[in-house]
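Me: I have a fold in front of me and a few quick questions. Can we walk through it together?

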Amino acid sequence: MTALPPIPAPAGLPAPRLEGTDWWRGAVGYEIYVRSFADGNGDGIGDLAGIADHLPYLAALGVDVVWITPFMPSPGFDHGYDVSDYCDVDPKHGTLGDWDRLAAGARELGVRLFVDIVPNHTSSHHEWFRSAVADPTGPYRDYYVWADPAPDGGPPNNWLSHFGGPAWSIDPGGSGQYYCHLFLPEQPDLNWANPKVMEEFAAILNFWCERGAHGFRIDVAHGLTKDPALRDNPQLRPVVHGMHPMDAFASFEHIHDLHRAETAVLFKQWRDAVRHHDAVLVGEMDTRNVQRFSEYVADQTALHAAFVLQIGLTPWEPGSIIDVLLEYQRTANGGCAWEVSNHDQSRATSRYGGGEQGLRRALALTSLMAAFDGMLFFYEGEELGLPDAVLTGAVEDPMSARNGEGMWTRDVSRGPIPWTDGHLNGFSTAPSAWISTAPLPTELTVAHQVATPGTTWHRYRDLALLRKRYPDLWRAPFEVLDRGTSHIVVRRGAVTVIGNLGTSPVDVGGLAAIAGARTVFTSGADFDLASSGVVAGETTVVLTA
Ligand code: NOJ
Ligand code: CA
């Protein structure tokens, strides 16, 4: 196996690099899909020990905070997003002792940790659900959402599961009632109208804060509360046989099962629960409605920030992408967590056209996002320019595994990180990894890219460090100096950012802000803007006065 080269930490920067309770506002985050980052014990599955061993890599990349996908005990029907005990570590991913070692190492390097909390649903193996089923008159019954059948004996309403089929399954305890699950039947939805559920989660958040977490990524944060009358969702178009479950789900207007105004209010209780730890709450927010999004974050009494999933869900249309950025910048009062990708979708380089073009676009857009208020997240492997994995074995994603052969699968973004060009690209010493993917070439490995100046890794690192070196980039007043169909020029204090997402070069030489300015970052080939005045297509450039 090729050894990893030593990874020098960036010099001249304090650790932690951002201080105070508002540290998150300028932070660069990094999402780790725990199964696929690094396998510390050689069983083929990524784990906390693997992350702890690679902390210097994350610190060197300039990452301020790492979001780790769920590593708690779970039967694994949705690879960890079905939690059976919120206050422990699944043996597949290590022990609480491994977490403690990770937390201590991270503290030393100035890297903060976000735990991924799954409050919309538990696993059907959680003791709360087992008790709810075993004793319909007991205290746990009301932890979940139950309803009598419709008059024809079928599900109580027309709600669908994101993963296919109705959002209702019959009580395995034989009461004749249905329970609600917006995901798998093995992921029963919690009833957040019951204040006991909030009490339980306040204790869970406290548990992780006391063990060194600095905040939480909150799964399906837009979904917690449900219409008390369980009304049907309005249907937008017919659902036909063979449709992808995500398309079937999108055929309804989700006003009664998701995006309810009560959920934003509920997060004020979450904020109170973590205030004494100064922990940061960042919600997954699957909405295209910026007003609704802002209800969670704009007054800073509920969530600190939420992921703008709309960027990753918008096809490569430069004008629309810039519109979305500006809309959230204007409305969300800085409560944005920007990302182009995550573990639930195709990788950005593949979505944006693949090859050199896809990579150029992903980096140009990520660099432009760095100049907007809020957190900036990289998804693991983006810093290497990874394309979608080529899958060579069984489908692992339950969404596609349950819905038939050949269906698009989230597995494409969940392949192991290629550390080296050795066995399993240095991810594990096991004979095989939990997911089978084609080996990746040397040029895409960490070992090669870290050791080679000018690689994608170095661009992402330069970008992450830029937010530290020039904090004006995310905290000085935001002014739009110029806006074209596919480009935008933003000034933030002493820093000017030109994002040209279109294919044609843009001449900005006439702008006063360019005169005498120094180019400190470019997402494309190195050049000096002050002398040429022209920004190449699909390139973002950062200048200082
Ligand atoms: C969103 C998570 O990102 C996804 O991976 C998961 O399947 C669902 N929520 C259900 O928890
Ligand atoms: Ca392992």
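Reply: Sure. One term to begin with: a polar contact is a pair of N or O atoms within 3.5 Å. Also keep in mind that this is a predicted model.

Me: OK, use that. How far is the polar side-chain atom of Asp-78 from an oxygen atom of ligand 1?

Reply: That distance is 2.5 Å. It falls within the 3.5 Å cut-off, so the pair counts as a polar contact if both atoms are N or O.

Me: And what about His-121 and an oxygen atom of ligand 1?

Reply: A polar side-chain atom of His-121 sits 3.0 Å from an oxygen atom of the ligand. Arg-217 also has a polar side-chain atom by a ligand oxygen, at 3.2 Å.

Me: How many residues surround ligand 1?

Reply: There are 13. The closest are Asp-78, His-121, Asp-219, His-343 and Asp-344.

Me: Switching to the metal. Which residues are the protein donors of the calcium ion, ligand 2?

Reply: Asp-39, Asn-41, Asp-43, Ile-45 and Asp-47. The three Asp residues give OD atoms, Asn-41 gives OD1, and Ile-45 uses its O atom. They lie 2.2 to 2.3 Å from the ion.

Me: How are those donor residues spaced in sequence?

Reply: The pattern for the calcium ion is D-x1-N-x1-D-x1-I-x1-D.

Me: Are Asp-39 and Ile-45 buried or exposed?

Reply: Both are buried.

Me: Now the big picture. What do the eight strands close into?

Reply: A barrel, with parallel pairing. The strand order is 1-2-3-7-8-9-10-11. Neighbouring strands of this sheet are turned by 30° against each other on average, ignoring direction.

Me: Zoom in on strand 8. Which way do its residues point?

Reply: Strand 8 covers residues 280-283. Val-280 and Val-282 point one way, while Leu-281 and Gly-283 point the other. All are buried.

Me: How many bridges join strand 7 to strand 8?

Reply: Four, and the two strands run parallel. Strand 7 is residues 215-218. Arg-217 stands opposite Val-282 there. Arg-217 is the residue with the 3.2 Å approach to ligand 1.

Me: What about strand 8 and strand 9, how many bridges?

Reply: Two bridges, again with parallel strands. Strand 9 is residues 305-307. Val-282 stands opposite Ala-305 in that strand. From strand 8 the chain crosses through helix 8, residues 290-297, to strand 9. That β-α-β crossover is right-handed.

Me: There is another sheet too. What is the order of the open one?

Reply: Three strands, in the order 4-6-5, with antiparallel pairing. Strand 4 (146-147) and strand 5 (168-170) are at the edges with a single partner strand each, so one side of each has no neighbour in the sheet.

Me: How do strand 5 and strand 6 pair?

Reply: In the antiparallel sense, over three bridges. Strand 6 is residues 178-180. Trp-168 stands opposite Cys-180.

Me: Is Cys-180 buried or exposed?

Reply: Buried, because its relative accessibility is 1%. The C-alpha atoms of Cys-180 and Ile-170 are separated by 9.1 Å. Those two residues are ten apart along the chain.

Me: Next, His-126. Where does it lie?

Reply: In the loop between strand 3 (112-117) and helix 4 (127-134). His-126 counts as buried, because its relative accessibility is 5%. Its side chain reaches the backbone nitrogen of Trp-128 at 2.9 Å.

Me: Last topic, backbone angles. What is the phi of His-259?

Reply: Positive, about 55°, although His-259 is not a glycine. Most residues other than glycine have a negative phi. His-259 lies in the loop between helix 6 (245-249) and helix 7 (261-274). At 17% relative accessibility, His-259 counts as buried.

Me: And what is the phi of Asn-425?

Reply: Also positive, about 50°, and Asn-425 is not a glycine. Asn-425 lies in the loop between helix 13 (398-401) and helix 14 (446-451).

Me: Is Asn-425 buried or exposed?

Reply: Buried, because its relative accessibility is 10%.

Notes: Residues numbered from 1 in each chain as written. Chains lettered and ligands numbered in written order. Predicted model: local features only at pLDDT ≥ 70, side-chain atom pairs only at ≥ 80, totals over all residues. Heavy atoms only, no water. Pairing = 2+ DSSP bridges. Donors = N, O, S within 2.8 Å, 3.2 Å for Na, K, Ca; no water. Buried < 20%, exposed > 50% of the residue type's maximum accessible area, 1.4 Å probe, protein only. Right-handed = clockwise from strand over helix to strand, strands pointing away. Axes fitted to C-alpha atoms, helices over the stretch in contact; angles between N-to-C directions. Near = heavy atom within 4 Å. Polar contact = N/O pair within 3.5 Å; in protein donor to acceptor, adjacent residues only side chain to side chain.
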